[in-house]
Amino acid sequence: MGSRLCNQLFHASYVSGAFGAEWSVKYNQQEICALKGSTVFMNGTFTHPEGLTVTETFWFIHPVKGVKKTDLSKDPDYSGRVEFFTDDQKHFSLKLSDVMKKDEHQFCFRIIKNVNKKRGWGKPGVQLRVTELHVEAPEEVTEGETADLTCKTTCSLTDPTFIWYKNGRPLTTKTIKNNQLHLQTVSSEDAGSYSCAVGGSQHLRTTAHSLRVRCEFNSFLVFSSK
């Protein structure tokens, strides 16, 4: 068990432990939305009565009655992707790397104490949601019109900073608000391939979306006389 803790700032929410009034587990966040392929941290603190010693702590998934609560670090699906951290102030943390869609579970922290090796765990745990980014935008826009391109997710990321790219290069001159790129008075120069990413995870950029710009010309009927 490591002694260092990876600190993350989350809104605190209390979750009672299953150990009686003198035991408690507090998860910093009860639900987390993470990008597929990213690294996510689940943090919290615990308390226990004086005089008792915690002999083992670990994380597990699927708190289902009758099903054995398996240490994630010993699970073949998670071995090499998870790290557990605790410290002397009773902080705990789970680091999960290379997040996958199949990781959408409820993750719980478990404590084993020295009195008859009694066990307890904090309910209800941390629910992990996994999302990918994709660009939602029209395929074609007429010159002179406006166009909005949206960087979509299936759940709400925590304080994301959206970054837009055109033809593989970051955009810095266009209007970006939250997850939307606004193209005002579209011209032929706006045609190209657009993609988006989230700050800190630029390597997880979306598939490029091609935007075409249709040019309109005024037609004149010219009469000539001889």
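Two strands pair if DSSP finds at least two bridges between them. Strands here are DSSP runs of E, at least two residues long, numbered from the N terminus. Keep both in mind for the sheets.

A word on the source. This is a predicted model, where local features need pLDDT of at least 70, side-chain atom pairs count only at pLDDT 80 or more, and totals for chains, interfaces and linings use all residues. Residues are numbered from 1 along each chain as its sequence is written, and side-chain values use heavy atoms, with hydrogens and water left out.

Sheets, then. One open sheet has 4 strands, in the order β11-β13-β17-β16, with antiparallel pairing. Its edge strands are β11 (134–136) and β16 (175–177), each paired on one side only. From one strand to the next, the twist averages 25 degrees. That angle is taken between N-to-C directions, on a scale from 0 to 180 degrees, with axes as lines fitted to C-alpha atoms. Look at β11 and β13: they run antiparallel, joined by 3 bridges. Glu136 has Thr150 in β13 as its bridge partner.

Another open sheet has 5 strands. The order is β12-β19-β18-β14-β15, and the pairing is mixed. β12 (140–142) and β15 (169–170) each have a single partner strand, so one side of each is left without a neighbour in the sheet.

Stay with β18. Towards β14 there are 5 bridges, and the two strands run antiparallel. Ile163 is matched with Ala197 in β18 as its bridge partner, and Lys166 stands opposite Tyr194. Towards β19 (residues 209–214) there are 3 bridges, again antiparallel. There, Ser193 has Ser210 as its bridge partner. How much of β18 is buried? 6 of its 7 residues are. Buried means under 20% relative accessible area, exposed means over 50%, and partly exposed is in between, with a 1.4 Å probe and protein chains only.

Next, disulfides. A disulfide is a covalent bond between the sulfur atoms of two cysteines. The cut-off used is a pair of cysteine sulfur atoms within 2.5 Å. A search of the whole structure finds 2.

Take Cys33 and Cys155. Their sulfur atoms are 2.0 Å apart. The S-S torsion of Cys33 and Cys155 is about 70 degrees, so this disulfide is right-handed. Cys33 sits in strand β3, and Cys155 in the loop between β13 (147–152) and β14 (162–166), 122 residues apart. Both Cys33 and Cys155 are buried.

Then Cys151 and Cys196. They are joined with an S to S distance of 2.0 Å. The torsion for Cys151 and Cys196 is about 80 degrees, so this one is right-handed too. Cys151 is in β13 and Cys196 in β18 (residues 192–198), 45 residues apart. Cys151 and Cys196 are both buried. Counting bonded cysteines along the chain, the pattern is 1-3, 2-4. As for two further cysteines, Cys108 is buried at 0% relative accessible area, while Cys215 is partly exposed at 36%.

Now the cores. A nonpolar core is a set of buried Ala, Val, Leu, Ile, Met, Phe, Trp, Tyr and Cys residues joined through side-chain atoms within 4.5 Å. The largest one holds 28 residues, and Met42, Trp59, Leu72, Phe107 and Leu128 touch the most other members. β8 gives the most to this core, with 5 residues. What does Met42 contact, beyond its neighbours within four places in sequence? Its contacts (heavy atoms within 4.5 Å) include Ile32, Trp59, Phe92, Phe107 and Leu128. A second, separate core has 22 residues, among them Val141, Leu157, Val186 and Val198.

Last topic: charges. Side chains of opposite charge can pair when their charged atoms come close. A salt bridge here is a side-chain nitrogen of Lys or Arg within 4 Å of a carboxyl oxygen of Asp or Glu. The count comes to 7.

Asp103 pairs with Arg81, closest N and O atoms 2.9 Å apart. Asp103 is in the loop between β7 and β8, and Arg81 in the loop between β5 and β6. Both Asp103 and Arg81 are buried.

Arg212 meets Glu140 at 3.5 Å, N to O. Arg212 lies in β19 and Glu140 in β12, so the pair ties together parts 72 residues apart in sequence. Arg212 is partly exposed at 46% relative accessibility, and Glu140 is partly exposed at 37%. Glu140, Arg212 and Arg214 are linked in a network of salt bridges.
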